[in-house]
Amino acid sequence: MQTWPSPRRTRRPRTRGRHRATPRATGALIATAALLVSACSAGSPSTSARGAAEAALAALPSSTPTALSSYYHQHLRWRDCGVSGFQCATMKAPLDYAKPDAGDIRLAVARKNATGKAKPIGSLLVNPGGPGGSAIGYLQQYAGIGYPAEIRARYDMVAMDPRGVARSEPVECLTGRQMDTYTETDTTPDDQRETDALVGQYRKFAESCGAHSARLLRHVSTVEAARDMDILRALLGDPKLNYVGASYGTFLGATYAGLFPHRVGRLVLDGAMDPSLDARRLNLGQTAGFETAFQAFAKDCVRHTDCPLGGKGTTPAQVGDHLKAFFRKLDAHPIPAGDAGGRKLGESLATTGVIAAMYDQAAWEQLREALTSAMKDNDGAGLLALSDSYYERDAKGGYSNLMMANAAVNCLDLPSAFANPTQVKQALPEFEKASPVFGEGLAWASLNCAYWPVHATGKPHRIEAEGAAPIVVVGTTRDPATPYPWAQSLARQLSSGRLLTYVGDGHTAYGRGSSCIDSAIDTYLLHGTPPPPGKRCT
């Protein structure tokens with residue numbers, strides 16, 4: 001897809017305070033390229049908003065349908081994963097919940113047993129977001145070894161790669177070489193030729209996904225993934241689901257709560273999404289979020305003598321102007337990046353690299369160094385590395401299926417934000433007002449789902465989860481990818497939502513260095529006591 005971060009993707013931050021030490025986008029830095037911003041419907045925003053205000057996700061019956069009984073009573077065969085301390089298994093779920101007899105999908109599961117001697121509280125399912133991020137990778141590389149010792153002592157730590165993701169029958173689309181072309185395509189077209197080239201790449205991506213993953217594309221929705229989670233809950237022997245989800249993982253967790261409110265245990269939704277928004281408003285909100293993050297970076301950058309975008313006294317607006325001028329130079333003349341395959345750093349990859357660093361302020365120093373090398377030494381290697389991390393591209397030119405699964409889920413969950421380039425052009429002033437630096441590119445990135453080979457099955461809706469136990473919703477005031485108002489909105493929608501606010505920068509809050517946030521969440525997970533109403537942390 002494009003070259004920008006998806007509004008729903010969660011990054012693995014490069015540093016995560018006392019708990020994490022990897023870059024996730026979060027593992028990479030979030031997933032910029034296809035900004036799979038699956039945007040809003042072709043209808044007017046007011047019509048979409050009205051429909052969302054009237055509709056709420058309906059709970060499923062509390063009893064298990066007979067047709068699903070075999071899935072809820074299968075036996076998990078745990079085996080060694082090849083990673084010390086972890087076990088893996090494969091579970092089955094119906095490919096189509098409306099037709100359980102039409103075939104299965106196999107889903108990968110991993111766990112690490114509780115380390116304490118006391119009886120475990122139960123299982124704690126984790127999901128890092130995306131959509132498209134590997135929950136198993138997140139468990140093995142971070143949550144299973146980096147969550148607080150007291151949490152790991154009392155819970156069996158568990159992850160399941162959602163359908164279409166990583167180890168769970170992944171969606172497949174482009175080759176590595178084709179993905180290189182896709183991520184390098186100009187997402188700020190200057191003329192009809194460049195517009196046609198961008199649309200051509202969106203079409204090729206969509207057609208390739210349809211050709212290679214036709215069986216899956218109609219059945220990778222968030223609702224289906226949430227129903228898979230309930231099967232796993234039952235197989236683990238837990239009467240209720242305990243869960244920590246970040247970024248898109250909050251949408252997945254909230255969807256579970258809406259479908260199964262009576263089975264909600266202790267749910268933490270960190271870096272929350274707002275399910276009541278259509279794709280266009282999601283994309284526009286994220287565009288404003290990245291501008292907020294960039295303003296914070298700009299203020300910090302000019303305090304350092306090595307800031308290549310301005311010195312002391314330079315305003316954030318001027319910093320933005322300098323960066324845009326640099327992007328324009330790259331658009332006309334890409335620079336060497338030390339890539340073995342001969343790739344150069346152009347505007348699209350450079351923009352992705354900058355956006356990637358917005359997810360975590362710990363990456364700002366790296367971004368300053370990368371910009372300095374590119375702007376002063378004509379060396380694009382640093383920004384290219386940030387971009388590759390964001391896309392989960394390895395040194396051999398291979399890509400994980402992150403961007404492919406990201407598109408598949410987003411384009412199924414919501415109708416496209418725009419139907420054609422004309423609608424994008426009409427919306428440019430609004431997007432550029434939201435972010436003078438990133439608005440144009442993010443608007444064009446919102447076009448990707450317009451060419452998807454299957455129609456969206458989801459639509460905007462509220463999630464109320466009447467009757468659910470207290471659910472903790474975490475919002476960061478200057479979060480670039482999931483703006484703070486989204487957390488406020490989700491907490492208000494949920495009948496038992498409890499908002500926990502982190503006043504600070506970066507994407508998500510748990511494990512990022514705030515002892516106040518960590519203590520509140522740990523207390524909730526260990527004792528079931530949610531933070532008091534209105535609690536704010538720094």
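Start by selecting helix H16, residues 421–434, and look at Ala 427: the helix bends there by about 45°. Within four residues after that point comes a proline, Pro 429. Keep in mind as you click around that this is a predicted model.

Stay on H16 a little longer. Its 14 residues reach 19 Å from the first C-alpha to the last, close to the 20 Å expected at 1.5 Å a residue. Now show Asn 420, which caps the N-terminal end of the helix. One of its side-chain oxygens lies 3.1 Å from the backbone nitrogen of Thr 422. Next, colour the buried residues of H16: Pro 421, Val 424, Ala 427, Leu 428, Phe 431 and Ala 434. So what covers them? Bring up helix H6 (192–212), helix H10 (279–301) and helix H17 (439–445), which are among the elements doing that job.

Next stop: helix H14, residues 381–391. Is this one mostly covered or mostly open? Mostly covered, with eight of its eleven residues buried. Select Leu 383, Leu 384 and Leu 386, then the run Ser 387, Asp 388, Ser 389, Tyr 390 and Tyr 391, to see the buried ones. To view what they pack against, turn on helices H5 (176–184), H11 (316–332), H12 (347–357), H13 (364–377) and H15 (402–413), plus strand S9 (344–345). Before you leave, click on Glu 392 just after H14, which takes a positive phi of about 55°.

Now hop over to strand S7, residues 264–270. Six of its seven residues are buried, so expect to hide some neighbours to get a look at this strand. Where are its partners? Strand S6 (residues 241–246) pairs with S7 in the parallel sense over five bridges, and you can pick out Leu 241 with its bridge partner Val 264. Add helix H9 (residues 248–259) and you have the whole right-handed β-α-β unit of S6, H9 and S7. S7 also runs parallel to strand S10 (residues 471–478), joined to S10 by four bridges. Here, select Leu 269 and Val 473 of S10, which stand opposite each other.

Last stop: Val 503, in strand S11 (residues 497–505). Why does Val 503 count as partly exposed? Because its relative accessible area is 30%, which falls between the 20% and 50% cut-offs. Show Arg 478 too: the two residues are 25 apart along the chain, and their C-alpha atoms are separated by 7.4 Å. Leaving aside neighbours within four places in sequence, Val 503 is in contact with Thr 477, Arg 536, Cys 537 and Thr 538.

Technical notes. Residues numbered from 1 in each chain as written. Predicted model: local features only at pLDDT ≥ 70, side-chain atom pairs only at ≥ 80, totals over all residues. Heavy atoms only, no water. Buried < 20%, exposed > 50% of the residue type's maximum accessible area, 1.4 Å probe, protein only. Helix = DSSP H or I, 4+ residues; strand = E, 2+ residues; numbered from the N terminus. Pairing = 2+ DSSP bridges. Right-handed = clockwise from strand over helix to strand, strands pointing away. Expected span 1.5 Å × (residues − 1). Bend = angle between axes of the 7 residues up to and from the residue. Contact = heavy atoms within 4.5 Å. Polar contact = N/O pair within 3.5 Å; in protein donor to acceptor, adjacent residues only side chain to side chain.
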